[in-house]
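Trainee: I would like to learn how to read a structure such as this one. Where should we start?

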Amino acid sequence: MSAAVNNETFESEVLNAQELVLAEFYSDTCIPCKRLSPILSKLESEYGDKLKVVKINIRFSLETAEKYDVAASPTIVFFKNGEEQDRIRGFVCEEIIAEKIIELI
């Protein structure tokens, strides 16, 4: 299950993670974010210990969202070894996210 991350836990949960991290920046009122949630859960279970999925609510973690230039939700940012590797803006299908995961693992 996706971990909820905020400004205080971002470094330990995302930047210091050993595996690839898929960080979804979302908003509670975002309909595409709600549609994306089951897709991310499925991908997290499929890739097991190679992928960690976290969710960052941009309303409550504005500092982190601004630091990573997140202007809209949903935005998926991939991190590996503490560095941003790639990002996907907006709602996309499961296949596109899976391709990016495979490319980055």
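**From one residue to the whole chain**

Mentor: Start with a single side chain in this predicted model. Ile101 has a relative accessibility of 0%, and therefore counts as buried, the cut-off being under 20%.

Trainee: In which element is Ile101 found?

Mentor: Ile101 belongs to helix α4, which covers residues 94-104.

Trainee: Which residues does Ile101 touch, not counting residues up to four places away in sequence?

Mentor: Leaving those out shows what the fold brings to the residue. Ile101 touches Leu20, Leu22, Leu43, Tyr47, Leu51 and Phe78. Sequence distance and spatial distance are separate things to read: Ile101 and Val21 are 80 residues apart in sequence, with their C-alpha atoms 9.3 Å apart in space.

Trainee: Why look at such side chains as a group?

Mentor: In soluble globular proteins, nonpolar side chains tend to be buried together. Here the largest nonpolar core has 17 residues. Ile101 is among those with the most contacts inside this core, along with Leu22, Ile76, Phe78 and Ile97.

Trainee: Which elements each supply at least two residues of this core?

Mentor: They are β2 (20-26), α2 (31-47), β3 (51-57), β4 (75-80) and α4. Helix α2 gives the largest share, five residues.

Trainee: What is Ile76 in contact with, leaving aside its neighbours within four places in sequence?

Mentor: A core residue can also meet charged side chains, so to read a contact list, go through every name. For Ile76 the list holds Leu22, Ala23, Leu36, Leu40, Ile88 and Ile97, and also Glu24, Asp86 and Arg87. There is also a second, separate core of 15 residues, which includes Phe10, Ala17, Tyr68 and Val70.

Trainee: How many helices and strands are there in the protein chain?

Mentor: The chain has four helices and five strands, in the order β-α-β-α-β-α-β-β-α along the sequence. Its radius of gyration is 12 Å, close to the 13 Å that the globule rule gives for 105 residues, so the chain is as compact as a globular protein of that length.

Trainee: What percentage of the 105 residues count as buried?

Mentor: The figure is 47%. For contacts with a separation of 6 or more, 69% come from residues 24 or more positions apart.

Trainee: And the surface and the charges?

Mentor: Read the area together with the atoms that supply it. The chain exposes about 5,900 Å², with carbon and sulfur atoms supplying 49% of that. For charge, count both signs and then compare their centres: there are 12 positive and 19 negative side chains, and the centres of the two sets lie 4 Å apart.

How values were computed: Residues numbered from 1 in each chain as written. Predicted model: local features only at pLDDT ≥ 70, side-chain atom pairs only at ≥ 80, totals over all residues. Heavy atoms only, no water. Rg over C-alpha atoms; globule rule 2.2 N^0.38 Å. Buried < 20%, exposed > 50% of the residue type's maximum accessible area, 1.4 Å probe, protein only. Contact = heavy atoms within 4.5 Å. Areas by Shrake-Rupley, 256 points an atom, 1.4 Å probe, with all protein chains shown as cover. Lys, Arg positive; Asp, Glu negative; His and termini not counted. Charge placed at Lys NZ, Arg CZ, Asp CG, Glu CD. Core = buried A, V, L, I, M, F, W, Y, C linked by side-chain atoms within 4.5 Å.
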